[in-house]
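Please look over the sequence and the structure below before reading on, and keep both in view as you follow the text.

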Amino acid sequence: MVSKTLPLYSKATLQKHTDRTSCWVSVGNRKIYDVSQFLDEHPGGDQYILDYAGKDITAVLKDKLIHEHTEAAYEILDESYLVGYLATEEEEIKLLTNEKHVMEVTPENLDTTTFVKELPAEEVLSVATDFGTDYTKHHFLDLNKPLLMQVLRGNFTRDFYIDQIHRPRHYGKGSAPLFGNFLEPLSKTVWWVVPMVWYPVVLYYLTRALQNMPAHLALTCFAAGVFVWTLIEYSLHRFLFHFDDNMPESNIAFTVHFLLHGVHHYLPMDKYRLVMPPALFVVLCAPFYRLVFSIFPEYCACGCFAGGLFGYVCYDVTHYFLHHHKLPPFMRKLKKYHLEHHYKNYELGFGVTSWYWDKVFGTYLASNSPVSRPKCE
């Protein structure tokens, strides 16, 4: 687990926190801890800590003559008492020009483009990638410029594209430019548009089924539609959105993939490119609509289609909340499961609303599953 993303403070601020109500110390002239709550618990007494309040205690913690602290002590400090970071001289100049006198510091050794066994802390997922450093290191896409034309005109192989597109970057606030022109607004969708547009359609088809069939049969068709949707959700994600190794060596194919799903893996925390734009969903939904109404009697088809569409809306809304909300305990495992698909292994864990079909088809992303291996280094 990487360090938390917390405010940056000046040395003068650290030196002001020197009493029992607010006792701060620093370690390594970088991490700042508020140990006020620990004063009464310290085996050597509170005064010993207060003597070092507002100061750096790195040397004290390592002093064998006094008491050399174990690694566990440092872990406890990080988990329970870390409140911020001490600014360097250069950062302090920036700090003093900031109206709030607070800046965020990127956690040590943070590199979201490396697949990890353990997920980063949630706070880290909003820290912007250093655009210049990322482009210099990977020579893939420049986040300062419209992305789509870079994909279309890029001079890279399929393996390089697949490798890079699944290494998460973070744009920070707002959305990275995709088209860079008048089409830009069409590429963004606010999450609540999905239920607002499609729930009335669900209600329309379900009502038709209920008015023309016995209620129990209509609801059975509806439930069947929801169940079949879960398989469609899994299949689309695994075989269409992740047709990675079957993709032609073509920039046009890369561009289609990027629009369809690649941009989401490249920028997984972009809240405006997370749910499916209604126009794109119509294109993907049309074949299923025709199939359902060609196989089943009309009103049975209405019930099945209403259930499938309801399942889709639940999927897209769930997908958004898994990325952008703190969820209740019973949903946290699902959130962790999906984020591991992005940050640990993108070749497993294709279920979003559940992992049922992953277990059926052997793609379950377990705690002991391997980390994705980069295709190119």
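The paragraphs that follow move from an annotated site to one histidine and then to the enclosed spaces.

The model shown here is predicted, and for it an unreviewed UniProt entry lists H42 and H69 under "binding site". Of these two, H42 can be found in the loop that runs between strand β4 (31-34) and helix α2 (46-50). H42 has a relative accessible area of 18%, and because buried means under 20%, H42 counts as buried. When residues up to four places away in sequence are not counted, H42 touches Y48 and I49.

Further along the chain, H342 sits in helix α14, which covers residues 329-343, and H342 is buried as well, with a relative accessible area of 1%. Leaving aside neighbours within four places in sequence, the residues in contact with H342 include F115, H166, H264 and H323. With H323 there is also a polar contact, side chain to side chain, at 3.5 Å, while H264, although 78 residues away in sequence, lies 9.4 Å from H342 when C-alpha is compared with C-alpha.

H342 leads on to the cavities, of which there are 2 of 30 Å³ or more. The second largest holds about 30 Å³ of space, and its lining includes H342 together with H264, H265, H338 and H341. Helices α11 (251-266), α13 (298-324) and α14 each give two or more residues to that lining, which divides into 2 nonpolar, 8 polar and no charged residues.

The largest cavity, with about 40 Å³ of space, has a lining that includes T230, E233, W357 and D358, and α10 (215-241) and α15 (356-361) each give two or more residues to it. Its lining residues divide into 4 nonpolar, 4 polar and 2 charged.

Technical notes. Residues are numbered from 1 along each chain as its sequence is written. This is a predicted model: local features need pLDDT of at least 70, side-chain atom pairs count only at pLDDT 80 or more; totals for chains, interfaces and linings use all residues. Side-chain values use heavy atoms; hydrogens and water are left out. UniProt positions are given in the numbering used here, feature names are shortened, and annotations may be inferred rather than shown by experiment. Helices (H or I, at least four residues) and strands (E, at least two) are DSSP runs, numbered from the N terminus. Buried means under 20% relative accessible area, exposed over 50%, partly exposed in between (1.4 Å probe, protein chains only). Contact means heavy atoms within 4.5 Å. A polar contact is a pair of N or O atoms within 3.5 Å; within protein, one must be able to donate a hydrogen and the other to accept it, and residues adjacent in sequence count only if both atoms are side-chain atoms. On a 1 Å grid over the protein atoms alone, a cavity is a set of points where a 1.4 Å probe fits but cannot get out, and a pocket is an open set with protein on both sides within 12 Å along at least five of seven lines; lining residues have an atom within 4 Å of a point. Grid points are joined across faces, edges and corners, and a volume is the space filled by probe spheres set on the points. Ala, Val, Leu, Ile, Met, Phe, Trp, Tyr, Cys and Pro count as nonpolar, Asp, Glu, Lys and Arg as charged, and the others, Gly among them, as polar.
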